[in-house]
Amino acid sequence: MHFQLLFFNTKRAPFDKPEVRKALYQAIDREYIAEKVWFGRGKPGVSAMTDAIWAYTGDVDYTKMFPFDLEAAARALDAAGYPADASGHRFDLNLLVRNDPPERVELGNVLKAMWAQIGVTVTVTVADRAVENQAAFTDFNFDANVQGYTNSGDPASGTARSYVCDSIGRSFGNPSQYCNPELDKIFAQASQLSDNKERAKLYGQADQMIAEDMPTLVLIQEGNEYARVSSLKGFDYQTGSPDWATAYLEK
């Protein structure tokens, strides 16, 4: 499973406020992004865990918690202390995106247009991989940054790196700089268990804690695509990836 994630720089105002981050999420039409920008290769993300793996409990659903609603987003920014001025302007936002794939640049332009509708003026900074990595993961020189991350089917090796404290400063780690020791503890406990049912309970708690703070927005989740001959049978996709141990060639 692949995510298109938007990381906020939680050390910069006003993006240090969960209320602002949630409002900006509600001002994003994720259905449009999935269909028009990503050419139907994914769907709006429902949680930090993704609904395609065993760790998803169903208690968190971003599409219901933060539906696309420009009026609600504007009211939320008003309540958070960022009303529009006489010209309709609220604040500026520097959005950092990589120059590949081309869809990433288009995504930056679409977010700029969507957020403009609630009075947020976006400057899209497009950079090559090396420059963007330095700005995002070392210098933290951005207000918001789009990244594509892979969830391996196990949150311990996929999801956790986006949120835990010790991933801050690491490439493809936690550029938001969000740090919650309680959340770290839950991720650590879950990674040490062998029973996936017990682990899923802990990941459900982590999912809810992340939904409270929303340092990172799951824009869309993309399923894995595999090509095979019709005579190859016996695949189990429960984890989001094919189980090659169960595959066999039909005679």
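Here is a short chat about the predicted model shown above.

Trainee: Hi! What kind of model is this?
Mentor: It is a predicted model, where local features need pLDDT of at least 70, side-chain atom pairs count only at pLDDT 80 or more, and totals for chains, interfaces and linings use all residues. Residues are numbered from 1 along each chain as its sequence is written, and side-chain values use heavy atoms, with hydrogens and water left out.

Trainee: Cool. Where does V110 sit?
Mentor: V110 is in helix α5, residues 102-116 (helices are DSSP runs of H or I, at least four residues, numbered from the N terminus).

Trainee: Buried or exposed?
Mentor: Buried, because its relative accessible area is 9% (buried means under 20%, exposed over 50%, partly exposed in between, with a 1.4 Å probe and protein chains only).

Trainee: And which residues does V110 touch, leaving aside neighbours within four places in sequence?
Mentor: V110 is in contact with Y32, I33 and V37; contact means heavy atoms within 4.5 Å.

Trainee: How far is V110 from F3?
Mentor: They are 107 residues apart in sequence and 17 Å apart in space, C-alpha to C-alpha.

Trainee: Switching to S162, where is that?
Mentor: S162 lies in the loop between β5 (144-150) and α7 (181-192); strands are DSSP runs of E, at least two residues. S162 is buried too, at 4% relative accessibility.

Trainee: Who are the contacts of S162 beyond four places in sequence?
Mentor: S162 is in contact with L5, F7, Y149, G173, N174 and T216.

Trainee: Last one: how much of the chain is buried?
Mentor: Buried residues make up 49% of the 251 residues.
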